[in-house]
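Biologist: Got a minute to walk me through this one? I'd like to start with the inside and then work outwards.

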Amino acid sequence: MEGEPTMRLRIFDLNCWAIRYLSKRRQERVRLIGDTLRQEHFDLVLLQEVWSEQDYSGLKVKLAGSYPFSHYFRSGVIGSGLCIFSRFPILDTLLFQYSLNGYPYMLQHGDWFCGKSVGLVIMKISGIIFNVYVTHLHAEYCRDKDAYLPHRLVQAWELAQFIRHTSKAADVVLLGGDLNMHPEDVGIRLLRGWTGLQDAFAEATRFEGCKNGCTLVPDNCFTDKSELLPFPLGIRIDYILYKAISSFTVKCEELKTTTGPAPGMGIPFSDHEAVMATLHIQRQGRPVGATLGTADLALADVVTEAQTEVGMGLQAAQRQRYSWGRMAVLALLLLVLQAAAVLGTLAGLGTQQPFPKLSFCLLAFLALGVLILATGLHLFHTMEVKILHGTKDQMRMALRALQERPSEG
């Protein structure tokens with residue numbers, strides 16, 4: 001009934017930047033995160049970039065008294081980096097790995113080797129079913145020349161679809177994580193519009209922390225300052241999003257971010273600032289229904305914009321597929337010519353080897369290497385083309401449904 005007592009839920013979200021051998025003062029910061037979480041007594045803790053299972057195990061032992069329930073999501077070569085700690089029992093879990101996640105030859109970025117995914121845990125708290133999602137999307141690296149935008153849009157679309165199709169039995173939906181998108185980027189608008197999720201920062205009654213809710217700020221000693229040159233105040237790429245389904249409402253009473261060094265310490269938790277939200281959940285007198293919320297012409301414009309960006313990514317992938325396919329064919333032809341020369345010599349059609357043996361062998365090995373590499377990349381970009389094409393088709397169907405909806409009834 002309306003007026004029933006409100007449930008208060010405190011959520012902590014942080015990209016921990018805990019890359020073994022690479023992240024500065026990783027072990028010290030992980031211990032600091034664990035100590036702080038044990039003292040603060042949040043209800044839910046959503047962490048990203050906990051790449052080492054050893055770090056997760058250490059946190060699990062340290063937090064067992066305050067957060068007896070936890071789950072670590074495993075995927076990819078080095079893992080998803082995602083984990084959840086909870087004061088409440090976890091009923092079920094599910095992991096969905098994104099179809100596209102960068103390029104294997106971009107070793108300096110390394111996102112491809114991480115199993116970028118969305119993790120879901122289902123919990124029942126005071127009779128309310130919660131679907132809690134945690135995710136980490138592909139990084140931007142360079143905003144002016146964002147080669148990964150199509151991949152990140154595919155991830156945002158798949159995230160939105162995953163949430164829509166798995167949350168139908170839930171009463172409350174929560175999403176936390178590093179989305180690597182600015183609040184007005186097409187990807188975040190697509191995600192929020194397609195799922196109906198609300199932004200805790202925009203909806204908060206009270207806010208305390210970095211200006212504009214930024215979570216990547218120049219004052220953080222671990223932040224790469226070159227990435228923030230166009231943004232003197234920083235950027236907001238870490239989010240807590242939520243919505244209520246059925247007969248509940250959710251309101252964000254308070255949102256906080258950390259502001260650099262942890263209290264009483266000389267270093268921050270991470271190169272990202274943590275996001276902390278206090279949500280109030282209340283049962284209403286009658287069901288409000290599970291609606292799309294913002295499925296209107298404005299959302300249709302967002303889908304159109306996203307579809308255009310995906311289409312541009314599709315064209316680029318097709319060019320890459322053609323280039324690497326042509327390279328593979330040329331390498332194969334060179335090997336065939338060399339094989340023909342060797343067979344001719346063995347058959348006595350030539351009096352001597354046309355090239356010095358060492359140079360001939362080196363050329364053969366080089367051609368073989370190029371053939372293997374080019375074939376592998378041709379297959380990779382073929383897969384990329386298929387996924388981008390499939391996503392574009394899905395968006396086209398969604399756009400048609402949105403455009404037809406205003407004329408119904």
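Biologist: Which residues touch the most other members in the largest nonpolar core?
Modeller: Tyr133, Leu159, Leu175, Leu179 and Leu191 do, in a core of 43 residues. A nonpolar core here is a set of buried Ala, Val, Leu, Ile, Met, Phe, Trp, Tyr and Cys residues joined through side-chain atoms within 4.5 Å. Buried means under 20% relative accessible area, exposed is over 50%, and partly exposed is in between, with a 1.4 Å probe and protein chains only.

Biologist: And what should I know about the source before I trust any of that?
Modeller: This is a predicted model, where local features need pLDDT of at least 70 and side-chain atom pairs count only at pLDDT 80 or more, while totals for chains, interfaces and linings use all residues. Residues are numbered from 1 along each chain as its sequence is written, and side-chain values use heavy atoms, with hydrogens and water left out.

Biologist: Which elements give two or more residues to the largest core?
Modeller: Strand S6 (117-125), H3, S8, H4, strand S11 (238-244), H6 and helix H7 (357-404). Helices (H or I, at least four residues) and strands (E, at least two) are DSSP runs, numbered from the N terminus.

Biologist: What does tyrosine 133 touch?
Modeller: Leaving out residues up to four places away in sequence, the contacts of tyrosine 133 include Leu46, Val118, Leu120, Phe162, Ile163, Val173 and Leu175. Contact means heavy atoms within 4.5 Å. There is also a second, separate core of 30 residues, with Phe130, Val172, Ala204 and Leu255 among them.

Biologist: OK, switching to charges. How many salt bridges are there in the whole structure?
Modeller: The search finds 17, counting a side-chain nitrogen of Lys or Arg within 4 Å of a carboxyl oxygen of Asp or Glu.

Biologist: Which residues does aspartate 35 pair with?
Modeller: Arginine 38 is one partner, with the closest N and O atoms 3.4 Å apart. Those two sit 3 residues apart in helix H1 (residues 26-40), so about one helical turn separates them. Lysine 62 is another partner, at 3.0 Å between the closest N and O atoms. That pair links distant parts of the chain, 27 residues apart, with aspartate 35 in helix H1 and lysine 62 in helix H2 (residues 53-62).

Biologist: Are they buried, exposed or partly exposed?
Modeller: Arginine 38 is partly exposed at 39% relative accessibility, aspartate 35 is partly exposed at 27%, and lysine 62 is partly exposed at 23%.

Biologist: What about arginine 143, which residue does that one bridge to?
Modeller: Aspartate 185, with the closest N and O atoms 2.6 Å apart. Arginine 143 is in the loop between strand S7 (128-136) and helix H3 (149-166), and aspartate 185 is in the loop between strand S8 (172-178) and helix H4 (186-195), so the bridge ties together parts that are 42 residues apart in sequence. Arginine 143 is partly exposed at 34%, whereas aspartate 185 counts as buried at 15%. Both belong to a salt-bridge network with Glu140, Asp146 and Arg152.

Biologist: Where does histidine 109 lie?
Modeller: In the loop between strand S5 (90-97) and S6, partly exposed at 25% relative accessible area. Beyond residues up to four places away in sequence, histidine 109 touches Tyr141 and Tyr148. The side chains of histidine 109 and tyrosine 148 make a polar contact at 2.7 Å. A polar contact is a pair of N or O atoms within 3.5 Å; within protein, one must be able to donate a hydrogen and the other to accept it, and residues adjacent in sequence count only if both atoms are side-chain atoms.

Biologist: New topic, backbone. Which phi values should I look at?
Modeller: Tryptophan 17 has a positive phi of about 50° although it is not a glycine, and tyrosine 21 has one of about 70°, again without being a glycine. Most residues other than glycine have a negative phi.

Biologist: Where are those two, and are they buried or exposed?
Modeller: Tryptophan 17 lies in strand S1 (residues 7-18) and counts as buried at 15%. Tyrosine 21 is in the loop between S1 and H1 and counts as exposed at 74%.
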